[in-house]
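Please find below a short note on the structure you asked me to look over. It is set out as numbered points, to be read alongside the coordinates.

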Amino acid sequence: MRRGAAYGSEQDFAEIRTVCAAVAANPELDAKGQALEALGTAALHAHEWANAAEWLYLSVAAPQRFYSPEDAKLKLAFAWYNSGRRDDAKRILNQLAESKRLDISQRAKTTLIAVYESPDVLLIW
């Protein structure tokens with residue numbers, strides 16, 4: 001990623017797709033789940049819900065994951081909700097609403113309010 005640039009630009013997501021192309025083709029190459037989470041985030045940004053869900057699910061389940069999966073789970077909930085797996089998404093959001101991380105719990109709670117007030121809402125990451 002470019003130094004000093006804001007995270008989340010189109011160039012950043014294009015770079016993620018390029019750097020992680022081998023993992024996109026063979027997810028088992030990423031035992032720690034970091035590249036998979038990056039790919040899932042890029043797919044969320046592009047509104048590619050099925051790809052986002054697949055990569056984020058694999059990231060959460062990565063056999064050698066060494067950092068908290070809560071960020072990836074929150075993104076997975078967004079992908080699942082937008083792809084029609086609403087009950088699964090709500091289940092994750094309810095779990096994350098109890099997180100000790102205030103940023104995660106607040107975002108999960110805010111998202112739950114949105115989906116219950118407007119069930120057809122599109123969740124944008």
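The points below go from the overall fold to the surface and then to the aromatic side chains.

1. The first thing to keep in mind is that this is a predicted model, and the values quoted here are all computed from it. The protein contains seven helices and zero strands, and, read from the N terminus, its elements follow the order α-α-α-α-α-α-α. The radius of gyration is 14 Å, close to the 14 Å that the globule rule gives for 125 residues, so the protein is as compact as a globular protein of that length.

2. On overall dimensions, the C-alpha trace spans about 40 × 30 × 30 Å when it is laid along its principal axes. Of the contacts with a separation of 6 or more, 48% are accounted for by residues that stand 24 or more positions apart.

3. On burial and surface, 40% of the 125 residues count as buried, while the protein as a whole exposes about 7,000 Å², of which carbon and sulfur atoms supply 54%. As for charge, there are 15 positive and 16 negative side chains, and the centres of these two sets lie 4 Å apart.

4. Turning to the aromatic side chains, the count comes to three aromatic pairs, two of which are described in this note. One of them joins Tyr 57 and Trp 80 in a tilted arrangement, with 6.2 Å from centre to centre and 35° between the planes. Because Tyr 57 lies in helix 4 (residues 49-60) and Trp 80 in helix 5 (residues 70-82), this pair ties together parts that are 23 residues apart in sequence. As to their surroundings, Tyr 57 is partly exposed, with a relative accessible area of 47%, whereas Trp 80 has a relative accessible area of 6% and is therefore buried, the cut-off being under 20%.

5. Another of the aromatic pairs is formed by Phe 66 and Tyr 67, whose rings meet edge-to-face, at 5.2 Å from centre to centre and with 70° between the planes. Which of the accessibility classes does Phe 66 fall into? Phe 66 counts as exposed, at 53% relative accessibility, because the class begins over 50%. Its partner Tyr 67 is partly exposed, with a relative accessible area of 26%.

Conventions. Residues numbered from 1 in each chain as written. Predicted model: local features only at pLDDT ≥ 70, side-chain atom pairs only at ≥ 80, totals over all residues. Heavy atoms only, no water. Helix = DSSP H or I, 4+ residues; strand = E, 2+ residues; numbered from the N terminus. Rg over C-alpha atoms; globule rule 2.2 N^0.38 Å. Buried < 20%, exposed > 50% of the residue type's maximum accessible area, 1.4 Å probe, protein only. Contact = heavy atoms within 4.5 Å. Areas by Shrake-Rupley, 256 points an atom, 1.4 Å probe, with all protein chains shown as cover. Lys, Arg positive; Asp, Glu negative; His and termini not counted. Charge placed at Lys NZ, Arg CZ, Asp CG, Glu CD. Phe/Tyr/Trp six-rings, centres within 6.5 Å; stacked < 30°, edge-to-face > 60°.
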